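User: I should like to learn how features of a structural model are read, one at a time. Please give the general idea first and then the case at hand.

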Amino acid sequence: MRLKTLFFLLIVRPLLLLFGGIRAEGSERLPRQGPAILVANHNSHLDTLALMSLFPAATLPRVRPVAARDYFYATALRRFVSERLVGILPLERRGVRHQPGHHPLDPLAEALDRGEILIIYPEGSRGEPGELRPFKSGFAHLAKMRPEVPVIPVEIRGTDRVLPKDEALWVPFIIDIHIGEACYYNGSVREFTRRIESFFRETPQNDIPERFHSMATKERSTRETGATASTASLRSDRSGFVATKDKQLSFVDASHISDCQSYRVKPTIFRRTQEGDHHADR
Amino acid sequence: MNRVVLTGGLILALLSLATLILKIMRRRSGLPYRELGARIRSWWVMAGLFLALILSGKAGAVGLFALVSYLAVKEYFTMIPIRRVDRRIIFWAYLAIPLQYWWAYEGWYGMFIIWIPVYLFLLLPFRQILTGETRGFLESTGKVQWGMMLFVFSVSHLAFLYGLPEVQGHGGVELLLYLVVLTELNDIYQYLFGKSLGRRPVAPAVSPGKTLEGFLGALAATTLTALALRYLTPFSVPQALAAGAAIATAGFVGDLVVSMIKRDVGIKDSGDLIPGHGGILDRIDSLTYTAPLFFHGVYYIFY
């Protein structure tokens, strides 16, 4: 058995189980086989470990978090953990030149061609607790290069409480992971980035205070969709995700709420057509 | 000890009956009854674990309750809004849990009874001073201390009860079993009476599912069960009746208190740890009230 699989089975999973606890919603939507692109928010090093621990041991070797080579290969220890235990796909951030015939995302596209499942954090790097930074469009460019590969948004909450950026003290809290439905590239890079990003953002009721907001969301979601209790509880556990300083960023024009976002509110009304696209069946 | 095994057997028989009824209901209606099925399956797991560990000895029983406390308070801390610096406060609160259960295991009553209400109460504000964050101090300290009182201090009374010496041939394990079985049965009675007869909501703003009919039905049934299970206790008949009524009432209140928190933070279930039941808070909510009340009643009368 590979070192990576052992690391997750013997260390990461028991540790997270006892000193954290993961509530996963929609884990049946996690791909068993590649290729696939998982797009997740990023506030803690635990994001990667928590998300990867949801995969069965057989799939684990194919799951590759995309991470900056200059940071994760900087020291021998970091490199060992990144390369052997986690199995990152190192991405060259610096000195990448556009050469004719070469695209900087080629290594990622090749990984997809090998059937790997990539985890991409489009915020670039870890944000402050509760902060969701504007998405970069790299994943959308990649999806454009391989439009047949599903893009699955994954929202992770709570890791920024257990082990926030720049903290070494681990404090147990439950981690919520919400796996969305697969989306496929269409439209433009800009539009697709926004569409996926909108999955992570509070949309219509940004100006409602947090506590009231969560109740409103819950009531709306249960009323309109008959969403399960666990959906409601996850959706309402918005623990400060819409930070005040983030207000401006959080605003998303309602006209841009497209399928991959609004299915969260109305999960039952979307059907996948043969083209593999999502259409609202209103 | 034989009485414990006998009661354990009764519980398992009751669960078998529930499983049988579920099968019949499924066959008759053709409906899957998924939620109810999950709930009964979870009861099997919980009853099995509980019985196995209280029979295994003091370490197993105390360890189980410590784990339950930890998981419950973790759900609570996850649920409530916190400031970033509260992580440090909460870290110290977590450290108090093993100690609280250590005192219970040792049977050191004096320390057990003041550790969280006095020492932790003094320690948490001290830790707050070290963080230097004055804004939200009162709210944060209050929330953390309150959670520790309800989910650690209250629940740890189960562990101390287990270690009580025998009274008239009845050990702590019997009293513990008596308390837990009655509390959980009371929950089930409330559910059954509420489902079948429930009309008048008692506290619609807090928990619309709680009805007067459910409460009264459960009160009667729990009091009768308390009488029937009197063989586990040194209680006289009036004492058993009073214990049953007290457990039914306190359990009802405990349930509503936890609903208050969930309402306050705006969620329905505290988690999904126990399929069909919700989180662990949803399962132990009544125990947070019945355990200390029952314990102190018994302790006052017999020790």
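**Helix packing, burial and backbone**

Analyst: Helix 4 of chain B and helix 6 of chain B are roughly parallel to each other, because angles under 35 degrees count as roughly parallel, over 145 as roughly antiparallel, 65 to 115 as roughly perpendicular and the rest as oblique. This is a predicted model, in which local features need pLDDT of at least 70 and side-chain atom pairs count only at pLDDT 80 or more, while totals for chains, interfaces and linings use all residues. Residues are numbered from 1 along each chain as its sequence is written, with chains lettered from A and ligands numbered from 1 in the order in which they are written.

User: At what angle do the axes of helix 4 and helix 6 of chain B cross?

Analyst: Helices (H or I, at least four residues) and strands (E, at least two) are DSSP runs, numbered from the N terminus. Axes are lines fitted to C-alpha atoms, for helices over the stretch in contact, and angles run from 0 to 180 degrees between N-to-C directions. Here the axes of helix 4 (residues 86-106) and helix 6 of chain B cross at roughly 15° and come within 9 Å.

User: Which residues of helix 4 of chain B meet helix 6 of chain B?

Analyst: Two residues are in contact if their C-beta atoms, placed from the backbone, lie within 7 Å. On helix 4 of chain B the contact includes I89(B), A93(B), I97(B) and Y101(B), and on helix 6 of chain B it includes V144(B), M148(B), V152(B) and F160(B). By class, the contact of these two helices has 14 nonpolar, 4 polar and 1 charged residues; Ala, Val, Leu, Ile, Met, Phe, Trp, Tyr, Cys and Pro count as nonpolar, Asp, Glu, Lys and Arg as charged, and the others, Gly among them, as polar.

User: How does helix 6 of chain B pack with helix 7 of chain B, and at what angle?

Analyst: Their axes are 6 Å apart, at an angle of about 145°. L158(B), L161(B), Y162(B) and G163(B) in helix 6 of chain B meet residues of helix 7 of chain B, among them V173(B) and L176(B). This contact divides into 7 nonpolar, 2 polar and no charged residues.

User: Is L150(B) buried or exposed?

Analyst: A residue is buried if 20 or more other C-beta atoms lie within 10 Å of its own, exposed if 12 or fewer, and partly exposed in between, with C-beta atoms placed from the backbone. L150(B) has 24 such neighbours and therefore counts as buried. Its place is in helix 6 (residues 137-163) of chain B.

User: Which residues have the most contacts inside the largest nonpolar core?

Analyst: A nonpolar core is a set of buried Ala, Val, Leu, Ile, Met, Phe, Trp, Tyr and Cys residues joined through C-beta atoms within 7 Å. The largest one has 132 residues, and I37(A) and L38(A) have the most contacts inside it. Helix 3 (residues 58-79) of chain B supplies the largest share of this core, 13 residues. Beyond four places in sequence, the contacts of I37(A) include L118(A), F139(A) and V151(A).

User: Which peptide bond is cis, and where is phi positive in Y33(B) and Q168(B)?

Analyst: Most residues other than glycine have a negative phi, and most peptide bonds are trans. The bond from G34(A) to P35(A) is cis, with omega near -5°. Phi is near 45° in Y33(B) and near 50° in Q168(B). Y33(B) has 14 C-beta neighbours inside 10 Å and so counts as partly exposed, whereas Q168(B) has 8 and counts as exposed.
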